[in-house]
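Hello,

Here is the structure I promised to pass on. Have a look at it first, and then read on for what turned up.

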Amino acid sequence: MRFRNLVIRNIVSPYGMTAAALLLFLVALMFPPSLYSSYIQEPDFMFFDPASLVFFLLCTLGFLLGLKLVDFLFPVHGFRYEKRETRFSPMWFILLPLIAGTALTVFSIVLLLRNNNYLLQLLLTAEGGQLRDPGGIEAQDTIVQATPALMGIVWWAIWRKDQFNIRGWRRSALHSAIVLATLSMVMWCVLMLTRGQLMPILAGIAILLLLRCFIEGKLTPAFILRFAAICTGSIVALFASFSMLRGAADLDTIISNILGYTIAPYNRLAAILDGRLRYPFAGKGLYFSGFVSSNRAFNALFHINQIFSWPDFNTVWQSEFGAVAAAGLNGNLIFAGTFGYIFFELGWLSPLLLFIYGLAAGWAWRSLKLGKTAGIVLYPWCAYFVLSWFGTNSLLEPTAVVLLLDVIVLGLYEALLVRTPREEIWLS
């Protein structure tokens, strides 16, 4: 019973996310080498690799120490659940940001289709693989940050909607608006053929829904198993759909894609640790922050690239394919995992940065438990970052900056239009 309660209480906490990431790593570590090589077409360096195990555990320990320090210094027991009042209709209070964000995303989709008049034709004829080449999709004249901005708004709406007395058709209208907003984000991601933008959207929604179920006392082991089965099926369907759009829909291709995005990065980590693999621009600070190193507007304003003599994003991206192929690995798969990218910059001191990341995730989790806007918008991103340790060092990507802007705007919006809570309830 104690273990059951522990699982339920932490299933979507930073500790639960860390356990899930560690489990995936252990699966990769023990994955049958012959099966791996047959699907990924490269030698297996990660099978029970001691250096990978020690390094991953050290980085995980650094992250957990950061979490525990926040919990120790600023403990919060349970969730603060406030019944709130607005200065006008609570339905419209939630709807207005959703409508604004959805309108921007739809407008961005229209601009994308106008700039790429061949896009729908290639997708409908399952020839979308051509669009994955550099310059294949022209998105420069669109509102590329509309989708991540709407993502934060949707997360905020999912959490806040139950704190107001919204009933009947108004509640149904609000749910419909959230669904339409989500569908507009999905459409953008499909047109851009990017699973990387779609996964945090869906993961964040799933995390907040599970948390709401926990607060309402509906979370049970059976519910968690059903939810996990649905999520697993959705991930497989997602990979299958994107494979179809790219012109490859056979079962072997789908399995190869799933392994290539989840297991293969740990094979690259093993190659990095034993010196087989090194990216040409490693050690220049590029892999600390995707926002600082790659955001065009930021670099145009502060000239960061010139100060550090950093190449442009496409040059860095293209260099990784050649480096992976030169290491004897499948050159089509370049993700080195979060810890791999950090190792390029800090080596075996990487756990120090993970400690800082742990502090950030712990602060976001604490803010969510207190019901603060910052936690509602930022914690799902932090949780997804932990779940996707097999991907890139994504915590400080441009999306994070957009979410910070969401926090500022939504925080001011609430400060102006939300009255002092009528009641405050702590739920454990």
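Leaving aside neighbours within four places in sequence, which residues is arginine 212 in contact with? Please keep in mind throughout that this is a predicted model. The residues in contact with arginine 212 are Tyr81, Trp159 and Asp162. Arginine 212 itself sits in helix H9, and it counts as buried because its relative accessibility is 4%, under the 20% limit.

**The chain as a whole**

The chain is built from 20 helices and two strands. It has 428 residues, and 51% of them count as buried. Among contacts with a separation of 6 or more, 79% are between residues 24 or more positions apart. The exposed area comes to about 19,800 Å², with carbon and sulfur atoms supplying 68% of it.

**The core**

The largest nonpolar core contains 118 residues. Those that touch the most other members are Leu98, Val154, Trp156, Tyr266, Leu277, Tyr279 and Trp389. Helix H9, residues 195-215, gives this core its largest share, with 12 residues. That is also the helix where you will find arginine 212.

If you want one core residue to zoom in on, try leucine 277. Setting aside residues up to four places away in sequence, leucine 277 touches Arg268, Ala271, Ile272, Ala323, Val324, Ala327, Leu329 and Phe344.

**Salt bridges**

There are six salt bridges in the structure. One of them joins the side chains of arginine 160 and glutamate 414, at 2.7 Å from N to O. Arginine 160 belongs to helix H7 (residues 146-160) and glutamate 414 to helix H20 (residues 398-417), so this pair ties together parts of the chain that are 254 residues apart in sequence. Both arginine 160 and glutamate 414 are buried.

Lysine 161 and aspartate 162 also meet through their side chains in a salt bridge, here at 3.3 Å from N to O. Lysine 161 is buried, as is aspartate 162.

Are the partners in the bridge between arginine 276 and aspartate 274 buried or partly exposed? Their side chains meet at 3.0 Å, N to O. Arginine 276 has a relative accessible area of 47% and is partly exposed, and aspartate 274, at 44%, counts as partly exposed too. Elsewhere, salt bridges with shared partners join Lys161, Asp162, Arg171 and Arg212 into one network. This brings us back to arginine 212, which has Asp162 among its contacts.

**Aromatic rings**

A search of the whole structure gives 31 aromatic pairs. One of them is formed by tryptophan 381 and tyrosine 384, with 6.2 Å from centre to centre and 35° between the planes, a tilted arrangement. These two residues are three apart in helix H19 (residues 373-387), so about one helical turn separates them. Tryptophan 381 counts as buried at 4% relative accessibility, and tyrosine 384 does so at 13%.

Ring pairs also link a whole cluster: Phe25, Phe55, Phe56, Phe63, Tyr266, Phe339, Phe343, Trp348, Tyr357, Phe385 and Trp389. Tyr266 and Trp389 will be familiar from the core, where they are among the residues that touch the most other members.

**The surface**

Trp348 is a member of that ring cluster, and it turns up again in a nonpolar surface patch with Val54, Leu58, Leu61 and Leu65. Together these residues have about 460 Å² of accessible area. Leucine 58, one of the patch members, is found in helix H4. At 35% relative accessible area, leucine 58 is partly exposed.

**Two backbone spots to check**

Finally, which loop holds phenylalanine 48? Phenylalanine 48 is placed in the loop between H3 and H4, and its phi is near 50°, a positive value in a residue other than glycine. Glutamine 41 lies in the loop between helix H3 (33-40) and helix H4 (50-73). Although it is not a glycine, glutamine 41 has a positive phi of about 60°. Glutamine 41 is exposed, with a relative accessible area of 58%.

Best wishes

Notes. Residues are numbered from 1 along each chain as its sequence is written. This is a predicted model: local features need pLDDT of at least 70, side-chain atom pairs count only at pLDDT 80 or more; totals for chains, interfaces and linings use all residues. Side-chain values use heavy atoms; hydrogens and water are left out. A nonpolar core is a set of buried Ala, Val, Leu, Ile, Met, Phe, Trp, Tyr and Cys residues joined through side-chain atoms within 4.5 Å. Buried means under 20% relative accessible area, exposed over 50%, partly exposed in between (1.4 Å probe, protein chains only). Helices (H or I, at least four residues) and strands (E, at least two) are DSSP runs, numbered from the N terminus. Contact means heavy atoms within 4.5 Å. Patches are made of residues with over 30% relative accessible area and no salt bridge: like charges are joined within 9 Å, nonpolar side chains (Val, Leu, Ile, Met, Phe, Trp, Tyr) within 5 Å. Accessible areas come from the Shrake-Rupley method with a 1.4 Å probe; for residues, only the protein chains shown count as cover. A salt bridge is a side-chain nitrogen of Lys or Arg within 4 Å of a carboxyl oxygen of Asp or Glu. Rings of Phe, Tyr and Trp (its six-membered ring) pair if their centres lie within 6.5 Å; planes under 30 degrees apart count as stacked, over 60 as edge-to-face and the rest as tilted.
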